[in-house]
Structures are given as structure tokens and as C-alpha cells.
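Got your viewer open? Load up the model below and follow along, one selection at a time.

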Amino acid sequence: MRMHTGHRGSEAEEALQDINKKTGRNMPQAVATAVVLIVLILACLLIRIDAFVVLIVVFMILALWELRVDFAAAQLRFPLVLMVLSSSITLLAAYYADRHILAAAVCIAASLPLIAIGASFDFPAGARLAAAAANKTASNAAAPLEFAPRHVNRLDDVAVSIFTVLYIPLLASCIVLPLTFNDHPVAHAIIVVFLPAISDTGGLFAGAWLGKHKLSPRISPKKSVEGLLGSILFSIIGAYVIFAFTYPALWSTRWWVPIVMGAVVGIVGTFGDLCASMLKRDIGIKDMGHLLKGHGGVMDRVDSILLCAPFLAALLWATGL
């Protein structure tokens, strides 16, 4: 009896290892982390929309913190304190200002030259950043085990700082803006945050179980055409579920919106994952961070959300949802 039980346990462990290998994740950790994040986000939405906005700001700061280390692994820097301050002001202004879009646009426009000037100065990195960057490069077999002395190229620092402004606070403001129109802030938050996550889940399982045709093997070997189709299918289903609970009176006139929404999220989210993979390959790292167990870093989790946010915000506004 004990041998039979042990055999079953061994089979279950092998099956779990096979799933982890196919998905490229520690699935028990990934599921546990996802549950915690879902509970945290829903709690903020149920308490008050302002709490959700603060949560977005916190996640953005964590993403900037991780991205700072990632870029340092490639001998690049951006002014972290200045970036955190300007980005936080941008997101808070996008929500609390009377003219939300104008406020976000003005803040981004003001941040670009300010951050560029800040990046043009040579500022000390500190021993902790150098050690973290060394650990990043050491985790890649092709990377050196020691962190080489920095070769100062301030123009590169300015370029990567401008890229960071356009990548993080600009796209993150598109998560905030849908909270301010059409009187459906909770539904909009769920669409913008959870729909890309549902799409990722569909792509993950479809790719793991059915994936045979590689989508872009040079950029991301685990991405497949079947995974892309799974992402689109899951996001369409998720969009219809949200639509049914939030807009039950609009089926006759807006039935096509979830189809468009799901297709956009599936395609753009996958494109966002590929862009993040290209960035990691150029820097020479495996994950963008380590804060989210089973998911890598914050940026590994939110890259598709950030890329989908402007498209979803525009679609929600244009269709009056």
C-alpha cells in the first residue's frame, strides 16, 4: 500500500515538473502569487477606487525599481528618484485633475525634458545596485560573472530614461484614465487589469498543451501560434463575462465589442510579451525581477497589461462603455 502511494506521489511530482517545464514557470508558486494579487486588487476596488489608484502607483514604483537594476546590468542608468516622483505625479494627476487626459499629457510632456536633463548627469550607482546588476548578469550563462566597470555614455542614459517615461508612466496612466469616464470604474479596472491576465492564462495553457507551431522562436521559443489563439479565445470569453455582468442592457447594440476587445487583448498582449522578451535578450537577463514568486518580476507580470491599456482605454471611451 505504501509503495502504491509512493508511486502515485512520484507520478504527480513528475507531472508537475513536466507542467513547469512546458510553461517555464513554477506553477504552484505562480498560482499562489496570482491568488494573492487578485485578492489584493479586488479588495482595493471594493474599498475605494482611490485605493486602487494608489496600488497602481505602488506597482509602478516597484517596476521602476526593478527596471533600474535590469538596465544597470547593461551598463545603463536612469535617475530613479526623479523618475518615481514625476511618474507618481503623472498617475495621480491623471485621476484627480479635472481634465484627466490633459493633466496626464502635460505631466508626461514636462517629465521628458526633466528626466533627460537628470539622466545627463553622472550620479553614483552605489554598491547595492552594482551587486544586484552583477547577480542579474551572473544568472545568464553567456554573461560575465563579474560586473564590469561602467563605461559612461550619457546619451545612452538619456535615451533609456526617455524610453522608461514612455514605457511606464505613459502606459500606466492609460490604466488610470478609464476609471474617470462613463461611470463604470470597477468594470473598467477589471477589464484593463484582468483581461490581459486572462489572455496570458489562456495562451499559457494552450501553448503548453497544444503548442506545436512556433510564433517567434528567435525571440521567445515558448510562444506558439496555438498559444496566441488560446489567448484570443480566453480574452473574448472573459470580455463577454464582464460585459454580461456590467452592460446587460447593451447586448443588442454592443454585442461585437467583446469580440474586438478580446482579439485586441490577445494580439497586443502577446506582442507586449515578445517586446519584453526582446528587451531581456538585449540586456542579457532571464527575468525582469524576482518580487513575484513564480512570475519573475513586476514587469514580467504587467508588460502585457501596459501594452493593452491604451487600446482598451480608447475602445471603452469610443464605444461609450
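Start with two helices: select α9 (residues 185-210) and α12 (residues 257-283), whose axes come within 9 Å and cross at roughly 70°. Bear in mind as you look around that this is a predicted model. Angles of 65 to 115 degrees count as roughly perpendicular, so that is the label for how α9 and α12 sit relative to each other.

Now show side chains where the two helices touch. On the α9 side, pick I191, L195, P196, S199 and D200. Their counterparts on α12 are M261, V265, G266 and D273.

Next stop: aromatic rings. How many aromatic pairs does the structure hold? There are 7 of them. Zoom in on Y240 and W251, a stacked pair with 5.7 Å from centre to centre and 5° between the planes. Colour by secondary structure and you'll find Y240 in helix α10 (residues 225-246) and W251 in helix α11 (residues 251-254), so this pair ties together parts that are 11 residues apart in sequence. Turn on a surface here: Y240 is partly exposed, at a relative accessible area of 24%, and W251 is partly exposed too, at 34%.

Stay with the rings and select F243 and Y247. Are these two buried or exposed? F243 is buried, with a relative accessible area of 3%, and Y247 also counts as buried, at 5%. As for geometry, the ring centres of F243 and Y247 are 5.4 Å apart and the planes meet at 45°, so this pair is tilted.

Now jump to another part of the chain and select F71, F78, F163 and Y167 together. Ring pairs link these four residues into a cluster.

While you're in the low numbers, add W65 and R68 to the selection. Here a charge meets a ring: the charged end of R68 sits over the ring of W65, 5.5 Å from the ring's centre.

Last stop: S224, which you'll find in strand β2 (residues 220-224). What does the side chain of S224 reach? Draw a distance to the backbone nitrogen of G227 and you should get 3.0 Å. Is S224 buried or exposed? Its relative accessible area is 4%, and buried means under 20%, so S224 is buried.

If you want to save a few views, good ones to keep are the α9 and α12 crossing, the stacked Y240 and W251 rings, and the S224 contact with the backbone of G227.

Technical notes
Residues numbered from 1 in each chain as written. Predicted model: local features only at pLDDT ≥ 70, side-chain atom pairs only at ≥ 80, totals over all residues. Heavy atoms only, no water. Helix = DSSP H or I, 4+ residues; strand = E, 2+ residues; numbered from the N terminus. Buried < 20%, exposed > 50% of the residue type's maximum accessible area, 1.4 Å probe, protein only. Polar contact = N/O pair within 3.5 Å; in protein donor to acceptor, adjacent residues only side chain to side chain. Phe/Tyr/Trp six-rings, centres within 6.5 Å; stacked < 30°, edge-to-face > 60°. Lys NZ or Arg CZ within 6 Å of the ring centre and 35° of its normal. Axes fitted to C-alpha atoms, helices over the stretch in contact; angles between N-to-C directions. Parallel < 35°, antiparallel > 145°, perpendicular 65-115°, else oblique. Contact = heavy atoms within 4.5 Å.
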